[in-house]
Amino acid sequence: GRCRVYNREEMAFGYRTSIVKTKPCVVLSTVLKLQKGDRSEISATMQELSAKRREKQPLEMPSAGSYFKRPEGNFAGRLIEECGLKGFRVGGAAVSEKHAGFVVNRGGATTDDIRRTMELVQTRVLETSGVQLEPEVRIW
């Protein structure tokens, strides 16, 4: 119940991590220091990245984003695809046919559908490749 101010170093920012992942807290506000850039260059980069996402990710369906962490030296989506799991369904949850690293809601998916899909994917990938996939999403 106490408020605390953390500086940049204390936040321990890293690739997909910060103190927020390990310390129970709620972020109430933040101060960002931005750098000026060329407006048209920034806009072009944003449009390019957005187009790549639309092409490769199942943005047309509800999902929690990329479901599994990238394993050392590999890609979760590739390992899942190599197991033949693209399109695999449990109830309303499915491994995306567009990008196997996403678990999507094809309609009416329950938490249990998503959890069971995740567990089956983890089991099959471990059996096939020896790689234990870790969820990227946090299940509370």
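How many disulfides does the count come to? Zero, in what is a predicted model throughout. The close-ups below start with the cysteines and then move on to pockets, salt bridges and a few single residues.

**Figure 1. Cysteine 3 has no bonding partner within reach.**
Here's the cysteine view. The closest cysteine sulfur to that of cysteine 3 belongs to cysteine 25, and the two sulfurs sit 11 Å apart, too far for a bond. A disulfide would need the pair within 2.5 Å, so the count stays at zero. As for surroundings, cysteine 3 is exposed, at 71% relative accessible area, while cysteine 83 is buried, with a relative accessibility of 14%.

**Figure 2. The largest pocket takes up about 890 Å³.**
Lining this pocket are 22 residues, and the ones closest to its centre are Arg4, Tyr6, Met11, Val27 and Ser29. Sorted by class, the lining of the largest pocket comes out as 13 nonpolar, four polar and five charged residues.

**Figure 3. The second largest pocket holds about 400 Å³ of space.**
Go to the middle of this one and you meet Arg16, Ser66, Phe75, His99 and Phe102, the nearest to the centre among 18 lining residues. Helix H3, residues 76-82, gives the most to this lining, with four residues. The class split for the second largest pocket is six nonpolar, five polar and seven charged.

**Figure 4. Glutamate 9 pairs with arginine 8 in a salt bridge.**
The model has nine salt bridges in total, and this view picks out one of them, with N and O 3.7 Å apart. Both partners are out in the open: glutamate 9 is exposed at 56% relative accessibility, and arginine 8 is exposed at 65%. As a general point, side chains of opposite charge can pair when their charged atoms come close.

**Figure 5. A salt bridge joins glutamate 60 to lysine 98.**
The closest N and O atoms of this pair are 3.4 Å apart. What makes the view worth a look is that the pair links distant parts of the chain, with the two positions 38 residues apart in numbering. Glutamate 60 comes from the loop between helix H2 (39-56) and strand S1 (63-66), and lysine 98 from the loop between strand S3 (93-95) and strand S4 (102-105). Glutamate 60 is exposed, at 55% relative accessibility, whereas lysine 98 is partly exposed, at 33%.

**Figure 6. Helix H4 carries a salt bridge between arginine 115 and glutamate 119.**
In this pair, N and O come to 3.0 Å. Both residues belong to helix H4 (residues 111-129) and are four residues apart, or about one turn of the helix. Arginine 115 counts as partly exposed at 34% relative accessibility, and glutamate 119 also counts as partly exposed, at 34%. Widen the view a little and you get a salt-bridge network that links Asp112, Arg115, Arg116 and Glu119.

**Figure 7. Isoleucine 80 is a buried residue of helix H3.**
Its relative accessible area is 0%. Which residues does isoleucine 80 touch, leaving aside its neighbours within four places in sequence? The contacts are Phe68, Leu85, Val95, Ala100, Gly101, Val121, Val125 and Leu133. For a sense of scale, isoleucine 80 and glycine 65 are 15 residues apart in sequence, and their C-alpha atoms are 15 Å apart in space.

**Figure 8. Glutamine 122 is buried in helix H4.**
The relative accessible area of glutamine 122 is 12%, and under 20% is what it takes to be called buried. Setting aside neighbours within four places in sequence, glutamine 122 makes contact with Phe68, Gln132, Leu133, Glu134 and Pro135. Phe68 should look familiar from the previous view, where it was among the contacts of isoleucine 80.

**Figure 9. Alanine 12 has a positive phi.**
Most residues other than glycine have a negative phi. Alanine 12 goes the other way, with phi near 50 degrees. Look for alanine 12 in the loop between helix H1 (8-11) and H2, where it counts as partly exposed at 44% relative accessibility.

Methods
Residues numbered from 1 in each chain as written. Predicted model: local features only at pLDDT ≥ 70, side-chain atom pairs only at ≥ 80, totals over all residues. Heavy atoms only, no water. Buried < 20%, exposed > 50% of the residue type's maximum accessible area, 1.4 Å probe, protein only. 1 Å grid on protein atoms, 1.4 Å probe; cavity = no way out; pocket = protein on both sides within 12 Å on 5 of 7 lines; lining within 4 Å. Points joined across faces, edges and corners; volume = space filled by probe spheres on them. Nonpolar A, V, L, I, M, F, W, Y, C, P; charged D, E, K, R; others polar. Salt bridge = Lys/Arg side-chain N within 4 Å of Asp/Glu carboxyl O. Contact = heavy atoms within 4.5 Å.
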